[in-house]
Amino acid sequence: MLKSLYDWTLSLARHPHALWALAIVAFIESSVFPIPPDVLMIAMIVARPSRAFVIAGVATVASVAGGMAGYFIGYGAFEALGRPVLEFYGKDAYFEQFQARYNEWGAWAVLIAGVTPFPYKVITILSGATGLSLPVFIVASVIARALRFFIVAALLWRFGAPIRDFIERRLGLMFTLFMALLLGGFLAVRYL
């Protein structure tokens with residue numbers, strides 16, 4: 001099922017309204033859809049490098065808007081809608097663990113999930129369910145999603161198709177390592 005969804009999402013890059021398709025995929029991926037918008041975004045940028053930053057901008061805006069939808073799923077309909085989404089992704093047990101301390105570290109959670117391969121949708125729903133400050137959530141989401149999408153766009157714009165394999169296979173790991181170092185540095189400064 002995921003393979004066919006992946007292939008369908010990738011096929012949207014050839015559609016005349018691919019930018020709208022990207023906006024829809026980025027929006028719904030931030031709260032429920034399992035395929036990240038990167039799949040579509042990468043194909044679109046490789047096809048039209050001159051539009052790399054427009055494509056990244058659309059992905060960012062739509063993803064943050066979708067993240068707000070996920071936030072409101074968690075805030076207003078967690079039991080009816082949010083918990084089943086978390087159960088589908090196998091993350092429902094984490095809710096109880098996160099809830100107690102989530103708001104203290106919520107901005108970092110949003111930032112990390114928005115940049116790394118961790119499912120951003122899980123954090124959007126948890127942010128709403130735990131009542132993380134909406135302005136904090138929005139600012140962290142904008143920073144995280146813009147960082148992720150614009151770095152991918154810049155790499156593809158500069159290096160073209162040859163960097164595609166690196167992005168698809170290793171960029172998530174690089175983002176994860178970067179966020180771990182950033183968080184580690186923050187903790188070291190705060191507690192040492």
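The following legends describe close-up views of a predicted model.

**View 1. The largest nonpolar core and the helices that build it.** The largest nonpolar core in this predicted model comprises 23 residues, and those with the most contacts inside it are Leu22, Leu40, Met41, Met44, Ile45, Ile55 and Leu156. Two or more residues are given to this core by each of helix H2 (18-29), helix H3 (38-47), helix H4 (52-88) and helix H7 (134-159), and H3 gives the most, with 6 residues. Once residues up to four places away in sequence are set aside, Met44 touches Ala13, Ala18, Leu19, Leu22 and Ile55. Another core, of 18 residues, lies apart from the one just described and has Val85, Leu86, Val110 and Tyr120 among its members.

**View 2. Packing of helix H2 against helix H4.** The axes of H2 and H4 are 7 Å apart and meet at an angle of about 35°, in a crossing that is right-handed. On the H2 side the contact involves Leu19, Leu22, Ala23, Ala26 and Phe27, which meet Val54, Ile55, Val58, Ala59, Ala62, Ser63, Ala65, Gly66 and Ala69 in H4. Sorted by class, the residues in this contact are 12 nonpolar and 2 polar, with no charged residues.

**View 3. The surroundings of Thr60 in helix H4.** Thr60, found in helix H4, has a relative accessible area of 8% and is therefore buried, the cut-off being under 20%. Leaving aside neighbours within four places in sequence, Thr60 is in contact with Val142, Arg145, Ala146, Phe149 and Phe150.

**View 4. Helix H7 and the residue that follows it.** H7 has 26 residues and reaches 37 Å from its first C-alpha to its last, a span close to the 38 Å expected at 1.5 Å a residue. The buried residues of H7 are Phe137, Ala140, Ser141, Ala144, Arg145, Arg148, Phe149, Val152, Ala153, Leu155 and Leu156; of these, Leu156 also appears among the residues with the most contacts inside the largest nonpolar core. Just after H7, Gly160 takes a positive phi of about 70°.

**View 5. Ser30 in the loop between H2 and H3.** Ser30 lies in the loop that runs between H2 and H3, and with a relative accessible area of 0% Ser30 is buried. Apart from neighbours within four places in sequence, the residues in contact with Ser30 are Ser63, Gly66, Gly67, Tyr120, Lys121, Thr124 and Arg145. Arg145 is also listed among the contacts of Thr60, while Ser63 and Gly66 belong to the H4 side of the contact with H2.

Terms used
Residues numbered from 1 in each chain as written. Predicted model: local features only at pLDDT ≥ 70, side-chain atom pairs only at ≥ 80, totals over all residues. Heavy atoms only, no water. Core = buried A, V, L, I, M, F, W, Y, C linked by side-chain atoms within 4.5 Å. Buried < 20%, exposed > 50% of the residue type's maximum accessible area, 1.4 Å probe, protein only. Helix = DSSP H or I, 4+ residues; strand = E, 2+ residues; numbered from the N terminus. Contact = heavy atoms within 4.5 Å. Axes fitted to C-alpha atoms, helices over the stretch in contact; angles between N-to-C directions. Left-handed = near helix turned anticlockwise from the far one by under 90°. Nonpolar A, V, L, I, M, F, W, Y, C, P; charged D, E, K, R; others polar. Expected span 1.5 Å × (residues − 1).
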